[in-house]
Amino acid sequence: MDYQEEQSNEIEALDSIYYGDMEILEKDPHVFTIPIQSECVDDEHQMNCLLRFQYTPKYPEEIPIIEIENCDNIDEDVERELKEYLLTQANENLGMVMIFTLVSSAQEWLSTKSDQLKKDKEEAEEKRIKAEEAAEQKRFEGTVVTLETFIAWKAKFDKDMAHIIFEEKNKAKEKTAGKLTGREMFMQDKSMNESDLKFIEESGDGGLDATESVEVNETLFQDMNDLDLSDSDDPDYDPNDDD
């Protein structure tokens with residue numbers, strides 16, 4: 001096989017097919033680029049890049065050197081997958097000129113990948129919206145109470161309340177720490193007992209009530225008969241009232 005002739009004939013055919021798009025960078029060996037893009041009218045998801053080929057001395061019985069350049073909307077993972085796909089296709093076409101086949105296959109693969117990524121993105125967005133709607137609806141509906149959830153809540157509630165009561169009692173004890181109650185003060189203050197005994201002794205016989213030993217000044221009542229007391233002086237007096 002005349003490798004040079006095979007390569008020259010393919011370059012001539014490719015230049016005719018991709019006229020205006022194909023760019024020949026070197027001629028010995030031939031190095032050239034051909035742009036490809038996904039068939040997508042949506043600029044946001046359209047993928048495009050340059051396929052760079054370099055003939056090896058024994059091409060087409062050897063696969064050409066393939067590089068991917070100037071990627072747009074193509075991340076590293078997609079670029080790696082495309083490169084692996086092209087190498088697989090090249091090995092399947094050994095022994096025949098293959099650049100047109102590789103370019104056509106790469107463009108078809110890129111279009112399929114672009115459509116799939118677009119679909120995945122739309123599905124992810126749809127799931128996100130549904131998840132937000134479900135979360136919003138759940139927020140309004142509240143939590144469904146079952147016997148198990150109620151028992152768990154009640155146990156936690158009782159535990160929390162017991163802790164609160166315990167803390168309140170401790171605070172109350174801390175506030176009254178060191179202070180005596182009224183009964184304790186009475187039992188400990190002997191002066192209170194002594195004052196009661198002293199009062200009884202001064203009143204006379206210890207067996208009498210204090211009111212029984214009070215002395216009355218009789219002179220205060222000696223002139224009671226000299227007072228001119230008339231029933232008419234009483235504003236409530238009624239002469240017709242026999243009582």
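**View 1. Lys156 and Asp160 paired within helix H4 of the predicted model.** In this predicted model, the side chains of Lys156 and Asp160 meet in a salt bridge, with a distance of 3.1 Å from N to O. Both residues belong to helix H4 (residues 147-176), and because they are four residues apart there, about one helical turn separates them. Lys156 is exposed, its relative accessible area being 54%, whereas Asp160 counts as partly exposed at 35% relative accessibility.

**View 2. A network of salt bridges formed by Glu125, Arg128 and Glu132.** Glu125, Arg128 and Glu132 are joined into one network by salt bridges that share partners. Side chains of opposite charge can pair when their charged atoms come close. For the structure as a whole, the count of salt bridges comes to eight.

**View 3. Arg52 and Glu69 in a salt bridge between strands S3 and S4.** The salt bridge between Arg52 and Glu69 has its closest N and O atoms 3.6 Å apart, which falls within the 4 Å cut-off applied to such pairs. Arg52 lies in strand S3 (residues 48-54) and Glu69 in strand S4 (residues 65-72), so that the pair, 17 residues apart, links distant parts of the chain. Arg52 is partly exposed, with a relative accessible area of 22%, and Glu69 is likewise partly exposed, with a relative accessible area of 28%; the value for Arg52 is therefore not under the 20% that would class a residue as buried.

**View 4. Glu81 and Lys113 in a salt bridge between helices H2 and H3.** Glu81 forms a salt bridge with Lys113, and the closest N and O atoms of the two side chains are 2.9 Å apart. This pair also links distant parts of the chain, since Glu81 is located in helix H2 (residues 76-92) and Lys113 in helix H3 (residues 99-141), with their positions 32 residues apart in the numbering. Glu81 counts as partly exposed, at 31% relative accessibility.

**View 5. The surroundings of Gln7, a buried residue of helix H1.** Gln7 lies in helix H1 (residues 3-17), and its relative accessibility of 4% places it among buried residues, because that class covers values under 20%. When neighbours within four places in sequence are left aside, Gln7 is in contact with Tyr55, Thr56, Pro57 and Tyr59.

How values were computed:
Residues numbered from 1 in each chain as written. Predicted model: local features only at pLDDT ≥ 70, side-chain atom pairs only at ≥ 80, totals over all residues. Heavy atoms only, no water. Helix = DSSP H or I, 4+ residues; strand = E, 2+ residues; numbered from the N terminus. Buried < 20%, exposed > 50% of the residue type's maximum accessible area, 1.4 Å probe, protein only. Contact = heavy atoms within 4.5 Å.
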